[in-house]
Amino acid sequence: MERFTDVLPVRLADSKAAADPLGLAVAAYLARFRGSSRDHASSDLRCLLAWCAERGLDPLAASRAQLEVYIRWMQEVRRFKPSTVSRRFSVTAGFYRTAVIDGLLEHSPAEHVRRPTVPPESPTLGFTHLQFEAMLTAARESPNRYDFALVAMLGLLGLRIFEATGADIGDLGEEHGHRVLRVCGKGTKVVLVPLPPAVGRAIDRAVGGRPGGPVLLNSREARMDRHAATRRLRNLARTAGVRIAARHADPRTTMRYDRARNNLDRHSNYILAAYMASCT
């Protein structure tokens, strides 16, 4: 059997993929996604394919019982949280469902596999006002000019980590009198997010005089990725004396806010920014 790295990613046009059922199944499933959603699905599917390859198992020949063992492996060996196990197995189930649709399998072995229970609400506690103010202060005073923009974009705009690191200078603009940032979210959905003055200044500081390219750069002056951003957040948290994400392994989750993004005049970014300004 081919190694999982030999079939992921794969192009539908490859003659090798056309002759290989697994390669075709992988390509057909991933072709349903675009942008960052495709990257995330690819990463989650790679987990399954690697597990199968290590055991000499053809993923297309896997049984329900073997997928039950795969879930136990994610829980007990890899120590993934229930939400991670559920997400990764959702990709697994989608992969097999697509294989059934395409006629590669008669039925999905994932259909009756038991999944871990995921609480409807995250137990992760967000920052208090004082904690977030400490993070903002540490970022503002950091010698790394990208830190302030990173914290402002995550905490004051409520961007997801990939939205912040994926932002380009060319995405900045104006709309109906508002300074905005064009954000490409999940499923390549594009929204315009208004920039309160404090966030605009933070972004301007990060951009400097550059005419184009990413808003956030790493130490090598290349685009900052989610891993570099997480390291920056951890460093800032230590500087600020904030214990970050105490009940979650990933600090990126802690800095998320859910807000409506479709009304620029009444957008809650302005409300949050005004509240922070009034308390500092």
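What is the mean pLDDT of the chain, and what share of its residues reach 70 or more? The structure is a predicted model. Its mean pLDDT is 81, and 76% of the residues reach 70 or more. Among the elements of the chain, helix α4 (residues 64-76) has the highest confidence, at a mean of 96, whereas helix α11 (residues 251-254) has the lowest, at 44. Residues 245-268 have pLDDT below 50, yet this stretch has 59 contacts in the model beyond near neighbours in sequence. Residues 9-15 also stay under 50, with 10 contacts beyond four places in sequence.

The largest nonpolar core comprises 40 residues. Within this core, the residues with the most contacts are Val151, Met153, Leu157, Leu159, Leu181, Val215 and Leu216. At least two core residues come from each of α6, α7 (145-155), α8 (161-165), β2 (178-184), β3 (190-194), α9 (197-207) and α10 (226-240). The greatest contribution is that of α7, which gives 8 residues. Such grouping follows a general pattern: in soluble globular proteins, nonpolar side chains tend to be buried together.

The surroundings of Leu181 were examined beyond its neighbours within four places in sequence. Its contacts there include Met153, Leu157 and Leu159, each of which is also listed with Leu181 among the residues with the most contacts inside the core. Leu181 further touches Ala167, Asp168, Asp171 and Leu172, as well as Val191, Leu192, Val193 and Leu195. Another core, of 31 residues, lies apart from the largest one and includes Met74, Ala93, Tyr96 and Leu105.

Helix α9 has a buried and an exposed side. Buried residues in α9 are Val199, Gly200, Ala202, Ile203, Ala206 and Val207. Viewed down the helix axis, the buried residues of α9 occupy an arc of 160°, so they line one face of the helix. An α-helix has 3.6 residues a turn, so residues three or four places apart point the same way. The buried residues of α9 pack against α7, β1 (172-175) and β2. On the other side of α9, Pro197 and Arg201 are exposed. Gly208 follows α9 and has a positive phi, near 60°.

Outside the helices, Glu111 was considered in the loop between α5 (82-101) and α6 (129-141). Glu111 has a relative accessible area of 55% and is therefore exposed, the cut-off for this class being over 50%. Glu111 and Arg97 are 14 residues apart along the chain, and their C-alpha atoms are separated by 8.5 Å.

Notes:
Residues numbered from 1 in each chain as written. Predicted model: local features only at pLDDT ≥ 70, side-chain atom pairs only at ≥ 80, totals over all residues. Heavy atoms only, no water. Helix = DSSP H or I, 4+ residues; strand = E, 2+ residues; numbered from the N terminus. Buried < 20%, exposed > 50% of the residue type's maximum accessible area, 1.4 Å probe, protein only. pLDDT = per-residue confidence, 0-100. Contact = heavy atoms within 4.5 Å. Core = buried A, V, L, I, M, F, W, Y, C linked by side-chain atoms within 4.5 Å. Arc of directions from axis to C-beta.
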